[in-house]
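Open the model in your viewer and set it to cartoon. This tour goes from one selection to the next and says what is there.

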Amino acid sequence: MRQSVEMTFARYDYTAIEKRIRYALTYLAFMEGKGKGGEDTPLGRVEMDEYHQRYVTVPIRVLMGSSRSHNYDDIRESVDSFNAKTVWIPDGEGGWFKAYPLVAAYVRKSRGNIILKIDRSVWHCFASESRHYTEFDVLQAMQFRSPLTMRLYEIANTLTRPSEFQVSFLKDIFCLDATYSDTGQFLRTLRRSLSELEKGDVAMDLECLRGNPSSRRITALRLSPRANYEGKEREDAIHRTLRRHGLSWLLSPVDRTALREAGFSHEDICRNIV
């Protein structure tokens, strides 16, 4: 699964269900681009009518993630909130027009799924997110309970080396600047999400940075991504990853990036590493 770097570091406020809706739409647009439109996938299926509008069918269990609850009130509220976040779409002539992500939504409680109708112009926005992509496992990301953990998982898969971020920048892109004016509260929330991130195949270490040695004020954070194969699940995680990605996962992020910049595709790396 892929997501643009711009989207990874964009400012927006999604609930966990809204994030899963976004993941499902982008994933299915990606699969359609690979010629698999109309086929069943782990996240549902997408079909196109004669007007090139898409009808996306997603199981409710997919949107609920690891939660076993099927709270349809939460689904409807999240769909309303997701659709309220309008998008500006280039018109090809230097202008833009504003549109809602969804034309219509139909929650089919008896079948345990939801159908989302999407205009072709909006669908092209999901399909065009192929520029400057990084790869991450969307199925893993959708299992996290917290939308903040999902965001951190995306960042962990985007970074190729330890990187420093201003605290104000992170609070801004996560839309937590108003919620946590106190840096200490923000750090406690961030650490809880980093703890949940440890359940995935990548994780991040956190280091607090101060403006100067004599100051106690934390102004920046260093996030260091790492493969996460700790504890009793190490062997199973390695086997799952090898089946999914090949031996290329054993390379460091820096080495993988260098090989891709040298012209090697993901398939080339998997095929030639022994």
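How many of the 21 residues of α2 are buried? The count is 15, so to speak of α2 as mostly covered is fair. Keep in mind that this is a predicted model.

**Stop 1: α2 and its end**

Select residues 16–36, which form helix α2. Color the buried positions; 15 of the 21 should light up. Now step past the end of the helix to G38. This glycine follows α2 and has a positive phi, near 85 degrees.

**Stop 2: α2 against α4**

Add residues 72–84, helix α4. Two numbers help here. Two packed helices are described by the angle between their axes and the distance between those axes. For α2 and α4, the axes come within 9 Å and cross at roughly 65 degrees. An angle of 65 to 115 degrees counts as roughly perpendicular, which is why α2 is called roughly perpendicular to α4. The crossing of α2 past α4 is right-handed.

Show side chains next. On the α2 side, pick I17, E18, I21, R22 and L25. On the α4 side, pick D74, I75, S78, V79, S81 and F82. These two sets meet. Sorted by class, the contact of α2 with α4 holds 6 nonpolar, 2 polar and 3 charged residues.

**Stop 3: α7 against α9**

Hide that pair. Select residues 147–158 for helix α7 and residues 183–197 for helix α9. Their axes come within 9 Å and cross at roughly 65 degrees. That makes α7 roughly perpendicular to α9. Here α7 passes α9 in a right-handed crossing.

Which residues make the contact between α7 and α9? From α7, select L148, T149, L152 and Y153. From α9, select T189, L190, S193, L194, E196 and L197. By class, this contact of α7 with α9 has 6 nonpolar, 3 polar and 1 charged residues.

**Stop 4: the whole chain**

Clear the selections and zoom out. The chain's secondary structure comes to 12 helices and 11 strands. Color by burial: buried residues make up 44% of the 274 in the chain. Then switch to the surface. The chain exposes about 15,100 Å², and carbon and sulfur atoms supply 48% of that area.

Last, draw the contacts. Take those in the chain with a separation of 6 or more: residues 24 or more positions apart account for 58% of them.

How values were computed:
Residues are numbered from 1 along each chain as its sequence is written. This is a predicted model: local features need pLDDT of at least 70, side-chain atom pairs count only at pLDDT 80 or more; totals for chains, interfaces and linings use all residues. Side-chain values use heavy atoms; hydrogens and water are left out. Axes are lines fitted to C-alpha atoms, for helices over the stretch in contact, and angles run from 0 to 180 degrees between N-to-C directions. Helices (H or I, at least four residues) and strands (E, at least two) are DSSP runs, numbered from the N terminus. Angles under 35 degrees count as roughly parallel, over 145 as roughly antiparallel, 65 to 115 as roughly perpendicular and the rest as oblique. A crossing is left-handed if the near helix is turned anticlockwise from the far one by less than a right angle, and right-handed if clockwise. Contact means heavy atoms within 4.5 Å. Ala, Val, Leu, Ile, Met, Phe, Trp, Tyr, Cys and Pro count as nonpolar, Asp, Glu, Lys and Arg as charged, and the others, Gly among them, as polar. Buried means under 20% relative accessible area, exposed over 50%, partly exposed in between (1.4 Å probe, protein chains only). Accessible areas come from the Shrake-Rupley method with a 1.4 Å probe; for residues, only the protein chains shown count as cover.
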